[in-house]
Amino acid sequence: MPQPVASKARVIKILNRIGARGILTEVRVQLVDQPKMQFMRTVKGPVRLGDIVDFEDTELTWQSSSRSNSNFEGIC
């Protein structure tokens, strides 16, 4: 099993509040060490433009999420 990789990303756009009570914020981030790579993340707690968020991710979670999305598209 691969070890979790900690990455730092800068918040470049705040999209919206999500969740039953709006606890989570959906943001677009760009990796600090690879500025061309941008993606959306959900953040819990206060967040502003330019903040650096630290998150852990593994290759396994990316593979399982892409597999579940492809299965979901086949059902619809």
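In this predicted model, Glu26 is buried but forms no salt bridge. The nearest side chain of opposite charge belongs to Arg28, at a distance of 8.7 Å, whereas a salt bridge requires a side-chain nitrogen of Lys or Arg within 4 Å of a carboxyl oxygen of Asp or Glu. Glu26 is part of strand β2, which spans residues 24-31. When neighbours within four places in sequence are set aside, the contacts of Glu26 are Ile14, Leu15, Asn16, Ile18, Met40, Arg41 and Thr42.

Lys44 provides a second charged residue for description. This residue belongs to strand β3, residues 38-44. Its relative accessible area is 68%, and Lys44 is therefore classed as exposed, the cut-off for that class being over 50%. The C-alpha atoms of Lys44 and Glu26 are 9.0 Å apart in space, and the two residues are separated by 18 positions in sequence. Beyond four places in sequence, Lys44 is in contact with Ile23 and Leu24.

The strands that hold these two residues, β2 for Glu26 and β3 for Lys44, are paired. The pairing is antiparallel and extends over seven bridges. A hairpin of six residues connects β2 to β3. Within the pair, Met40 of β3 is the residue opposite Arg28.

The largest nonpolar core consists of ten residues: Ala9, Val11, Val27, Val29, Leu31, Phe39, Val43, Val47, Val53 and Phe55. At least two residues of this core come from each of β1 (5-18), β2, β3 and β4 (52-57). Strand β2 contributes the largest share, three residues. One member of the core, Phe39, touches Val27, Arg28, Val29, Leu31 and Phe55, with residues up to four places away in sequence not counted. In soluble globular proteins, nonpolar side chains tend to be buried together.

Confidence varies along the chain. The mean pLDDT of the chain is 78, and 67% of the residues score at least 70. Among the elements, β2 has the highest mean pLDDT, 93, and helix α1 (residues 59-75) the lowest, 49. The strand that contains Glu26 is thus the element with the highest mean value. Over residues 70-76 the pLDDT remains under 50, and the model shows zero contacts beyond four places in sequence for this stretch.

Definitions and conventions: Residues are numbered from 1 along each chain as its sequence is written. This is a predicted model: local features need pLDDT of at least 70, side-chain atom pairs count only at pLDDT 80 or more; totals for chains, interfaces and linings use all residues. Side-chain values use heavy atoms; hydrogens and water are left out. Helices (H or I, at least four residues) and strands (E, at least two) are DSSP runs, numbered from the N terminus. Buried means under 20% relative accessible area, exposed over 50%, partly exposed in between (1.4 Å probe, protein chains only). Lys and Arg count as positive and Asp and Glu as negative; His and the chain ends are not counted. Contact means heavy atoms within 4.5 Å. pLDDT is the predictor's confidence in each residue, from 0 to 100. A nonpolar core is a set of buried Ala, Val, Leu, Ile, Met, Phe, Trp, Tyr and Cys residues joined through side-chain atoms within 4.5 Å. Two strands pair if DSSP finds at least two bridges between them.
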